[in-house]
Amino acid sequence: MSIPLLTRRATICVFSVALVSLAAATPALGSDAADVVRNGANRMLQVLKSGASDAERRATLKEVLNQSFDLQAFGRTVLGRHWKGATPEQQRRFLAALEKAEVAAYADRFKEYSGQTLKVGKTTTNGAVQLVNSEIITPNDPQPVRIVWEVQNGKITDVIVEGVSMAATRRSDFNAYIQKNGLDGLIAELERRTNGS
């Protein structure tokens, strides 16, 4: 059994993350969550137009994702209750495999770019989390896709597409896979998918 392929909503989510994530590499001092998201669209467009090779695109994504996203917090969230039961070695392997899987997914989605733009709206606060509202606008499509970015301590911790959390979706998929194949099975599958990347 394999981990489910991305649904259309998840594909949009992955693409939107890719569209914006390259921004936040080094946010300026004093920049807020909306700036982190807003500045990303311009940086992403530069990468899309640069003609970078697949390897260069993946290398850049890995660097930026580590700088803009709290991948460790995201990994703990998506592993859910299995995180506490995992050994330190399993946790290390899972986080490494998850990072490579996310980079591979985003890099592949770059090829689907067809003129989408990001419109950033208002930012609200929920405790320590800032919620940045935005829309992905596609040419010749009157229906924008609503995206909410969760930002905490200057890093993105979740992306919510049309009301569906990327972290919650991953957690559900991973939990179902672990129930049938165990945590080591999930890690091995993630590693297999990104072998050589």
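This report describes a predicted model, covering its confidence, its sheet, its loops and two sites on its helices.

## Confidence

The mean pLDDT of the protein is 78, with 73% of residues reaching 70 or more. Among the elements, helix α5 (residues 82-85) has the highest confidence, at 95, and helix α1 (residues 8-21) has the lowest, at a mean of 50.

Two stretches have pLDDT below 50. Over residues 4-8 the value is below 50, and this stretch has five contacts in the model beyond near neighbours in sequence. Residues 21-30 also have pLDDT below 50, and there the model shows 24 contacts beyond near neighbours in sequence.

## The sheet

Five strands form an open sheet in the order β1-β2-β3-β4-β5, and the pairing is antiparallel. The edges are taken by β1 (117-126) and β5 (164-165); each has a single partner strand, so one side of each is left without a neighbour in the sheet.

β3 and β4 are joined by six bridges in the antiparallel sense. One residue of β3 and one of β4 illustrate the register: Ile147 has Val161 as its bridge partner in β4. On the way from β3 to β4 the chain makes a hairpin with two residues between the strands, and Asn153 in this turn has a positive phi of about 55°.

Strand β4 spans residues 155-161 and pairs with β5 over two bridges, again antiparallel. The partners in β5 are Ser165 for Ile160 and Val164 for Val161. Val161 therefore has bridge partners on both sides, Ile147 and Val164. β4 is mostly covered, with six of its seven residues buried.

## Positive phi in the loops

Asn140 lies in the loop between β2 (129-137) and β3 (145-152). Its phi is near 65°, a positive value in a residue other than glycine. With a relative accessible area of 85%, Asn140 is exposed, because the cut-off for that class is over 50%.

Glu162 is in the loop between β4 and β5. This loop belongs to a hairpin with two residues between the strands, where Glu162 takes a positive phi near 50°. Glu162, too, is a residue other than glycine. Its relative accessibility of 29% makes Glu162 partly exposed.

## His82 in helix α5

His82 is placed in helix α5, the element with the highest confidence, at 95. At 15% relative accessibility His82 counts as buried, because the limit for that class is under 20%.

Apart from neighbours within four places in sequence, His82 is in contact with Asn175, Ile178, Gln179 and Leu183. Helix α7 covers residues 166-193.

## The aromatic pair

The structure holds one aromatic pair. Phe94 and Phe174 form this pair in an edge-to-face arrangement, with 6.0 Å from centre to centre and 90° between the planes. Phe94 belongs to helix α6 (residues 88-110) and Phe174 to helix α7, so the pair links distant parts of the chain, 80 residues apart. Both Phe94 and Phe174 are buried.

Key
Residues numbered from 1 in each chain as written. Predicted model: local features only at pLDDT ≥ 70, side-chain atom pairs only at ≥ 80, totals over all residues. Heavy atoms only, no water. Pairing = 2+ DSSP bridges. Helix = DSSP H or I, 4+ residues; strand = E, 2+ residues; numbered from the N terminus. Buried < 20%, exposed > 50% of the residue type's maximum accessible area, 1.4 Å probe, protein only. pLDDT = per-residue confidence, 0-100. Contact = heavy atoms within 4.5 Å. Phe/Tyr/Trp six-rings, centres within 6.5 Å; stacked < 30°, edge-to-face > 60°.
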